[in-house]
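Me: Could you walk me through this fold, one question at a time? I'd like to see the reasoning as well as the result.

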Amino acid sequence: MAVKGFICGLFISFLAMSGICSAEGLKTVEVWKNLFTVTGDGVDSNTIFLITRDGVVVVDTRVTPNEAKKVLAEIRKRTDLPILYTINTHYHGDHTFGNQVFEGNGPIIAHESVRKNLFGDLGKDHLEAFKSKNIPGMDETVVTPPNMVFKDEMEIFVGGYSLRLMHVRGHTDGDVFIYIDQLRTLITGDLVSYKKIPSLKDAYVEEWISAMDLLADFDAEIFIPGHGAHGGKPVLIAMKHYLLRLKEMVLKQLENGKSLKEAQDAIRPVLTEKHKGWKNLKWLDANIERAYLEYSLK
Ligand SMILES: [Zn+2]
């Protein structure tokens, strides 16, 4: 039996019944049998783990080694089976800076750009940028790039599951999403953020919109985003609509010869109203700028 029976501390009745368990600022949710997400209070990137009959697959490693150790503890509450594979959906530190905790437990897999990006100056600069955010335990991070990479696509067959890893460009140049056929589930990385304005600082907006269509073609019922709660297709649609609105409004401003500042002043209030209740509305100006620059080159 792969999954240990467990009780979520004091939260026995309601939370255990709903598959939710909180520990040390982390929330663990059982999405589906043997498939879990772990999210923090502060840095809210999702880590996902799948317990198979042969071992565990981890997707993204949170922002610090200490946070990654908490994820490992959540896994160990449920199984003693080995960690067989760790996958990074992209290079951003809130998804990779816990890698060192999983190193030596099977390969750490990602798109080849993730390894390139984390090595050298970009990785160092990215770590410094995260250190400036005063995240507890950030100083313990040693940038640990993936040690197994691929270009376009790979498949992992493990413990009764098949995981299809596919590369697209969108949120970054090295995005990977994962389709678990047996669970009809897509793990999207930051190609999808749910009810949170995404970061576009490394983005390719037009390719990102195309990636949304590719994701929509999969026979999936569950979508697990890089940030925010999982759900059905509306999780994907909300992201696509955000990107389409941004694109359309930026194109209109460009057609009318507006400056970046004029475009931001025109678009910001509309997107704020449309996405009321989303986190990170303060990133709208930067997103408008990224789209403005991309479409002014087309
Ligand atoms: Zn990201």
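Reply: Gladly! One term before we begin: a nonpolar core is a set of buried Ala, Val, Leu, Ile, Met, Phe, Trp, Tyr and Cys residues joined through C-beta atoms within 7 Å. Please keep in mind that this is a predicted model.

Me: With that term in hand, which helix gives the largest share of the largest nonpolar core?
Reply: The largest nonpolar core holds 65 residues, and F49, V57, I87, F177, I178 and I288 touch the most other members. The largest share of this core is seven residues, and they come from helix 8 (residues 233-255).

Me: Which residues are included in the second, separate core?
Reply: This second core stands apart from the one we just discussed and has five residues. Among its members are V43, F97, I135 and M138.

Me: Back to F49: which residue is its bridge partner?
Reply: Strand 3 and strand 4 (residues 47-51) are antiparallel and share four bridges. They make a hairpin, with six residues between the two strands. Leaving out residues up to four places away in sequence, F49 touches F36, V56, V57, V58 and I75. In the pairing with strand 4, the bridge partner of F49 is F36.

Me: What joins strand 3 to strand 2, and which residue in the turn has a positive phi?
Reply: Strand 2 (residues 26-32) runs antiparallel to strand 3, and six bridges join them. One facing pair is K27 and T39, the latter in strand 3. The two strands form a hairpin with two residues between them, and the turn residue with a positive phi, about 75 degrees, is N34.

Me: Why does V38 count as buried?
Reply: V38 belongs to strand 3, where five of the six residues are buried. Beyond its neighbours within four places in sequence, V38 is in contact with L26, T28, T47, V71 and E74. A residue is buried if 20 or more other C-beta atoms lie within 10 Å of its own. V38 therefore qualifies, as its number of C-beta neighbours inside 10 Å is 25.

Me: How many Å apart in space are V38 and T61?
Reply: In sequence, V38 and T61 are 23 residues apart. In space, taken C-alpha to C-alpha, their separation is 9.8 Å.

Me: What span should helix 2 have, and which of its residues are buried?
Reply: Helix 2 (residues 65-76) has twelve residues, so at 1.5 Å a residue the helix should span 16 Å. The end C-alpha atoms agree with that, at 16 Å apart. The buried residues of helix 2 are P65, E67, A68, K70, V71, L72, E74 and I75.

Me: Which strands stand at the edges of the five-stranded sheet?
Reply: This sheet is open, with mixed pairing and the order 9-10-11-12-13. On average, neighbouring strands are turned by 25 degrees against each other, ignoring direction. Two of the strands have a single partner strand each, so one side of each is left without a neighbour in the sheet: strand 9 (153-158) and strand 13 (222-227).

Me: Which residue stands opposite L186 in strand 13?
Reply: Strand 12 (residues 185-193) runs parallel to strand 13, with five bridges between them. Helix 7 (residues 205-216) lies across strand 10 (161-168), strand 11 (175-180) and strand 12, at about 165 degrees to strand 12. Within the pairing of strand 12 and strand 13, the residue opposite L186 is F223.

Me: What covers the buried residues of helix 8?
Reply: Helix 8 has 23 residues and reaches 33 Å from first C-alpha to last, close to the 33 Å expected. Its buried residues are V235, L236, M239, Y242, L243, L246, V250 and Q253. After the helix comes G257, with a positive phi near 70 degrees. The cover over the buried residues includes strand 12, helix 7, strand 13, helix 9 (260-274) and helix 10 (284-296).

Me: Finally, what radius of gyration does the protein have?
Reply: The protein has ten helices and 13 strands, and 44% of its 298 residues count as buried. Its C-alpha atoms fill a box of roughly 65 × 45 × 35 Å along the principal axes. A compact globule with 298 residues would have a radius of gyration near 19 Å, and the protein agrees, with 19 Å.

Definitions and conventions:
Residues are numbered from 1 along each chain as its sequence is written. This is a predicted model: local features need pLDDT of at least 70, side-chain atom pairs count only at pLDDT 80 or more; totals for chains, interfaces and linings use all residues. A residue is buried if 20 or more other C-beta atoms lie within 10 Å of its own, exposed if 12 or fewer, and partly exposed in between; C-beta atoms are placed from the backbone. Two strands pair if DSSP finds at least two bridges between them. Two residues are in contact if their C-beta atoms, placed from the backbone, lie within 7 Å. Axes are lines fitted to C-alpha atoms, for helices over the stretch in contact, and angles run from 0 to 180 degrees between N-to-C directions. The expected span of a helix is 1.5 Å times one less than its number of residues. The radius of gyration is taken over C-alpha atoms; the globule rule is 2.2 Å times the number of residues to the power 0.38.
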